Amino acid sequence: MGKIKLISDIDKIEVYHAGTDRIEVPDCKRGRANLDFGRGFYVTDIYDQAYNLALTRSRDRKMPALINTYLLDRKAILEEARTLVFDRYDENWLEFIVACRDGKDIWRNFDYVEGGVADDRVIDTVNMYILGFISQERALQNLRYLKPNNQICILNQDILERYLQFTDCQFI
């Protein structure tokens, strides 16, 4: 018999955390410093993105690849928390990524940040901008036609515990 979708679940989205560990109780403080959106717990709503990242982590760590699945009450977070959502690669996204990767803690102003990933498709452009080899204008021109992958970083433990519910973990 299939899952019955409860009325309270309508505003929830399925999200994924890639890795090599089962994580039923996520912890914001365990995230690494200087990542795209700061130190927090990262998930994505794009399964293929999580799948590929899990394989990469598995290969790097020489451990089995896992995908943890959660229900995220995104609507409640957007209504109640301090949020920042980037819907495209633009100057605000670029400056935020650069600041976070440079160790600035501007992410501390937010409970939840969502937007494009500075992944293999875009990192060379971001790094060239950081190093001063290209201007912001040129970096944005390079990124203009790329559709962002999506990452969600939950930076506040209370928000994480209230609005992210573990549902499953599978080896891939």
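**Figure 1. Helices H3 and H5 are part of what covers the buried residues of helix H4.** Welcome to this predicted model; our tour of close-ups opens at H4. The buried residues here are Ile123, Thr125, Val126 and Tyr129. Looking down the axis of H4, you will find these buried residues within an arc of 160 degrees, so they line one face of the helix. The general rule behind such a pattern is that an α-helix has 3.6 residues a turn, so residues three or four places apart point the same way. Just after H4 comes Gly132, with a positive phi of about 85 degrees.

**Figure 2. Helix H5, spanning residues 136-143, has three named residues to look for: Ala139, Leu140 and Leu143, its buried ones.** Their arc around the axis covers only 95 degrees, which puts them on the same side of H5. What lies over these buried residues? The cover includes helix H3 (91-101) and helix H4 (123-130). If you have just come from the view of H4, you have met H5 already, as part of the cover there.

**Figure 3. The largest pocket holds about 1,300 Å³ of space.** Its lining is made up of 41 residues, and those closest to the centre are Ala18, Arg32, Tyr42, Leu53 and Arg57. Which elements help to build the lining? Strand S1 (13-19), strand S2 (41-43) and helix H1 (47-61) each supply at least two residues. H1 gives the most, contributing nine residues. By residue type, the lining divides into 15 nonpolar, 13 polar and 13 charged residues.

**Figure 4. Asn150 sits in the loop between H5 and strand S6 (151-154).** Is Asn150 buried or exposed? Asn150 has a relative accessible area of 12%, and because buried means under 20%, it counts as buried. Setting aside neighbours within four places in sequence, Asn150 is in contact with Val43, Thr44, Asp45, Ile46, Gln49, Glu114, Gly115 and Val117. With one of these partners, Asp45, there is a side-chain to side-chain polar contact at 3.1 Å. For a sense of scale, try finding Asp105 as well: it is 45 residues from Asn150 along the chain, and the C-alpha atoms of the two are separated by 21 Å.

**Figure 5. Glu114 belongs to strand S5, residues 112-115.** This residue is buried, with a relative accessible area of 7%. Which side chain makes a polar contact with that of Glu114? The partner is Arg74, at 2.8 Å. Apart from neighbours within four places in sequence, the contacts of Glu114 are Phe37, Arg74, Leu84, Val85, Phe86, Asn150, Gln151 and Ile152. Asn150, from the previous view, is therefore a name to recognise in this list, since contact means heavy atoms within 4.5 Å.

**Figure 6. Tyr163 has its place in helix H6, residues 157-163.** Tyr163 is buried, and its relative accessible area is 10%. Beyond neighbours within four places in sequence, Tyr163 is in contact with Leu71, Leu72, Asp73, Ala76, Ile77 and Glu80. How far apart are the C-alpha atoms of Tyr163 and Leu71? They are separated by 7.9 Å, although the two residues are 92 residues apart along the chain. Finally, look for Glu80, whose side chain makes a polar contact with the side chain of Tyr163 at 2.2 Å.

Notes. Residues numbered from 1 in each chain as written. Predicted model: local features only at pLDDT ≥ 70, side-chain atom pairs only at ≥ 80, totals over all residues. Heavy atoms only, no water. Buried < 20%, exposed > 50% of the residue type's maximum accessible area, 1.4 Å probe, protein only. Helix = DSSP H or I, 4+ residues; strand = E, 2+ residues; numbered from the N terminus. Arc of directions from axis to C-beta. 1 Å grid on protein atoms, 1.4 Å probe; cavity = no way out; pocket = protein on both sides within 12 Å on 5 of 7 lines; lining within 4 Å. Points joined across faces, edges and corners; volume = space filled by probe spheres on them. Nonpolar A, V, L, I, M, F, W, Y, C, P; charged D, E, K, R; others polar. Polar contact = N/O pair within 3.5 Å; in protein donor to acceptor, adjacent residues only side chain to side chain.
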